[in-house]
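Got your viewer ready? Load the model shown here and follow along, one selection at a time.

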Amino acid sequence: ATAWATHYSISLLVGAMGATRLHSFEELTVHAFGQRVGVLVEVAIIAFCFGTVVAYTVAIGDILEPVLAMRSVQRHLGHDVLKQHVLFVLWLVVMLPLSLAESLSAFEASSAISPHLPIPPHT
């Protein structure tokens with residue numbers, strides 16, 4: 001039922017965007033409901049995206065803990081490397097450039113590489 005509702009709602013959005021020739025959800029909201037509701041929807045989208053970033057950061061930090069505890073990693077990085085340092089470098093080197101992308105085509109390389117990244121064994 002959820003998959004059908006998702007498919008139906010996306011079909012409605014695509015149809016409405018095609019009929020109005022608008023190119024974003026925010027533009028469609030302003031067109032259909034006015035500026036105030038458009039601002040409300042934009043704030044909700046920003047809050048959702050911020051919550052997603054926080055959740056991903058927590059998840060990546062939790063995944064990093066056992067990896068940083070591995071002796072081979074400690075040998076290469078040192079014993080005093082904190083999870084926060086690794087997270088900062090990861091976000092600076094990987095996530096910041098990805099978040100500055102102008103279009104979805106910029107994600108082709110990262111999407112193609114991600115299934116082939118090695119996953120360290122759990123010890």
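Here is a short tour, from overall confidence to a single loop residue.

This is a predicted model, where local features need pLDDT of at least 70, side-chain atom pairs count only at pLDDT 80 or more, and totals for chains, interfaces and linings use all residues. Residues are numbered from 1 along each chain as its sequence is written, and side-chain values use heavy atoms, leaving out hydrogens and water.

Start by colouring by pLDDT (the predictor's confidence in each residue, from 0 to 100). The protein's mean is 83, and 92% of its residues reach 70 or more. Among the elements, helix α1 (residues 2-20) has the highest mean, 90, and helix α6 (residues 108-113) the lowest, 72. Helices here are DSSP runs (H or I, at least four residues), numbered from the N terminus.

Next, select residues 35-69, helix α3. Its end C-alpha atoms are 51 Å apart, in agreement with the 51 Å expected for 35 residues at 1.5 Å a residue (the expected span is 1.5 Å times one less than the number of residues). Its buried residues (under 20% relative accessible area, 1.4 Å probe, protein chains only) are G38, V41, G61, L64 and L68.

Now add α2 (25-33), one of the helices that those buried residues pack against. Look for F25, E26, T29, V30 and F33 in α2, which meet Q35, V37, G38, V41, E42 and I45 in α3; contact means heavy atoms within 4.5 Å.

Finally, click S103, in the loop between α5 and α6. Its C-alpha atom is separated by 19 Å from that of E42, 61 residues away along the chain.

Note on methods
Helices (H or I, at least four residues) and strands (E, at least two) are DSSP runs, numbered from the N terminus. Buried means under 20% relative accessible area, exposed over 50%, partly exposed in between (1.4 Å probe, protein chains only).
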